[in-house]
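Me: I would like to go through this model one step at a time, with each answer reasoned out before it is stated. Please explain the terms as they come up.

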Amino acid sequence: MKRLRLLFLAIGLAGLLSGLFLERHAIYRLDGAEPAKVGGAGFVAGAAVDDFMLKDDALYAVNSLSPNAASAKDCKT
Amino acid sequence: MTRLPPFFLRVRVCCSVISAFLLNLAALKPLKWLAWLVPALSQKVLCNPGMNCHGCPWAIGACPIGVMAYGSAVRALPIYAIGFVVVLTAALGRLTCAFLCPFGLLQDILYKIPFLKIKLPRFTRAGKYLALALLVFIFPFWLGFETTGYLRVNTPDIKKAVAEEGKTEDIEGLIDVVVSVANLGPKPVERPQVDFVYVNNESKKEILRLRKDFPGVTVPPGETVALSKVRLENRLAEGNLSVSSPQSEVTLSSPYHLYYCRLCPVGTLEATLPAYAAGEVGTTGVSPVTPRPPAGQGWGMYGLVSGRTLRLGILAAFLLLMLAVSRPFCRIFCPAGAIYGLFSRIALSRMYLDNEACIHCGACNRVCPVDLDVPKEVGGAECIACGDCMKVCPKSGIRRKFGL
């Protein structure tokens with residue numbers, strides 16, 4: 001039982017540390033910009049505000065469609 | 001016979017009060033001298049022990065159960081959140097339920113109110129394991145999220161207004177704007193809407209806002225459609241023209257409400273109700289807040305029972321049950337308790353009974369907050385390790401151990 005307890009704790013610690021330092025998720029953007037990488041803590045923070053969605057088997061940032069703008073210099077004729 | 005100390009003087013109650021305060025430190029945001037702490041408090045990069053919804057405006061941590069359910073729905077493995085839960089379980093077992101969970105504290109307080117007291121049948125214990133398996137892992141993974149929105153509005157094409165042939169119109173100071181929209185989602189978007197907003201270059205404040213919709217237009221998935229031109233007042237000298245669409249706001253919803261966070265009474269109490277009070281319904285996507293139905297559609301779109309009704313009904317049922325039964329949520333519906341319980345025998349902190357010391361007086365059974373047969377079940381999956389039985393045992397036969 002002692003070994004089992006130790007093993008369980010070791011698995012948890014390994015998960016926690018690898019989650020903090022090694023976990024990486026590529027988050028794509030709907031506007032086609034370069035994807036960003038988030039770590040374990042970033043994923044937790046994003047999940048807390050529903051920041052990600054699954055599309056074509058990849059994670060996309062939900063709020064990655066920013067408004068497009070045009071100014072006076074873009075006005076033709 | 002030894003008696004338990006008054007409720008609010010018990011160590012576990014004091015620990016729960018401190019834990020509830022620390023997990024909701026963002027409540028201190030209005031204090032100006034704490035302003036420097038606000039960005040850090042709002043990040044929610046740490047996980048909570050116990051049940052405290054990350055949708056709560058005061059919460060500083062994320063609920064690991066919510067993160068795991070979300071991970072299932074987007075098919076991503078949240079190793080950090082899982083690691084946190086395993087470490088917490090390996091170290092404390094179900095001690096977290098009695099000493100650190102804010103919702104456990106609420107249940108204990110409500111049970112103090114004089115009311116008809118009843119005992120729960122044993123089979124209800126299975127509820128939390130079913131909730132964990134079905135609503136946190138299986139259904140979210142299987143059904144995912146239904147997503148609506150994500151209409152991309154491309155950069156507008158602006159021309160000075162030209163009078164149409166054969167018509168005499170006053171076109172001075174007007175521009176014609178043509179925008180195209182791309183549907184990046186899986187479903188067709190009918191009647192696209194576009195917001196035209198003039199934003200001052202310097203102050204970044206809105207000068208003028210106009211919403212146009214395009215009836216009869218459907219944008220198929222994966223296609224780009226040029227919309228008919230829109231004639232606007234020319235205020236380009238004052239600011240930029242920004243185009244966007246309310247249909248660019250992606251909304252995630254869980255099919256058939258089979259997603260733990262959508263049903264969780266903790267989320268309803270701590271996140272949904274404050275959001276309703278603040279008029280923010282629908283702003284946080286999937287989490288505890290039920291999304292606002294699309295324009296023109298009532299709550300009926302969510303089926304016979306709307307998500308809101310279901311959530312509020314579950315919360316009301318549990319609040320009522322808390323008056324009659326001690327810790328009903330922990331026993332019936334808490335997936336965190338299910339995880340902690342499954343491994344409580346191999347946790348570093350655990351309770352056990354010295355069989356030789358037991359005189360079968362029944363004192364432990366009378367104080368157990370989760371109605372256990374203590375001599376048989378202490379330290380097991382259902383025992384929340386509160387230690388009340390330990391305090392009343394006349395032979396000190398129930399003990400707590402921390403270590404291998």
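**Questions on the two chains**

Me: A compact globule of 77 residues would have a radius of gyration near 11 Å; what is the radius of gyration of chain A?
Reply: This is a predicted model, in which local features need pLDDT of at least 70 and side-chain atom pairs count only at pLDDT 80 or more, while totals for chains, interfaces and linings use all residues. Residues are numbered from 1 along each chain as its sequence is written, with chains lettered from A and ligands numbered from 1 in the order in which they are written. The C-alpha trace of chain A spans about 80 × 20 × 20 Å along its principal axes. Against the globule value (2.2 Å times the number of residues to the power 0.38, the radius being taken over C-alpha atoms), chain A has 20 Å.

Me: In what pattern do the helices and strands of chain A follow along the sequence?
Reply: Chain A has 2 helices and 6 strands, where helices (H or I, at least four residues) and strands (E, at least two) are DSSP runs numbered from the N terminus. Read along the sequence, they give α-β-β-α-β-β-β-β.

Me: The secondary structure of chain B comes to 15 helices and 15 strands; what is the radius of gyration of this chain?
Reply: For its 404 residues the globule rule gives 22 Å, and the value for chain B is well over that, so the chain is more spread out than a compact globule. Its C-alpha atoms fill a box of roughly 105 × 45 × 40 Å, taken along the principal axes. The radius of gyration of chain B is 28 Å.

Me: How far apart do the C-alpha centres of the two domains of chain B lie?
Reply: An automatic or database domain assignment supplies the bounds, dividing chain B into domain 1 (7-144 + 323-339) and domain 2 (151-248). The distance between the C-alpha centres of these domains is 46 Å.

Me: How many of the residues of helix 12 of chain B are buried?
Reply: A residue is buried if 20 or more other C-beta atoms, placed from the backbone, lie within 10 Å of its own; in chain B as a whole, 44% of the 404 residues count as buried. In helix 12 (residues 335-342), the buried residues include P335(B), I339(B) and Y340(B), and they pack against several helices of chain B, among them helix 4 (79-92) and helix 7 (126-143). Helix 12 is mostly covered, the number of buried residues being 7 of 8.

Me: 44 residues of chain A are in contact with 56 residues of chain B; which element gives the largest share of the side of chain A that touches chain B?
Reply: Contact here requires C-beta atoms, placed from the backbone, within 7 Å. The elements that give two or more residues to this side of chain A include helix 2 (40-48), strand 3 (52-55) and strand 5 (68-70). The largest share, 14 residues, comes from helix 1 of chain A.

Me: 4 strands form an open sheet of mixed pairing in the order 6(A)-3(B)-4(B)-11(B); which strands stand at its edges?
Reply: Strands pair if DSSP finds at least two bridges between them; 2 bridges join strand 6 of chain A in parallel to strand 3 (residues 157-160) of chain B, with C75(A) opposite I158(B). Strand 3 of chain B is joined by 4 bridges to strand 4 (residues 174-178) of chain B, running antiparallel, and K159(B) has D176(B) as its bridge partner. Each edge strand has a single partner strand, so one side of each is left without a neighbour in the sheet, and these two are strand 6 of chain A and strand 11 (230-233) of chain B.

Key. A residue is buried if 20 or more other C-beta atoms lie within 10 Å of its own, exposed if 12 or fewer, and partly exposed in between; C-beta atoms are placed from the backbone. Two residues are in contact if their C-beta atoms, placed from the backbone, lie within 7 Å.
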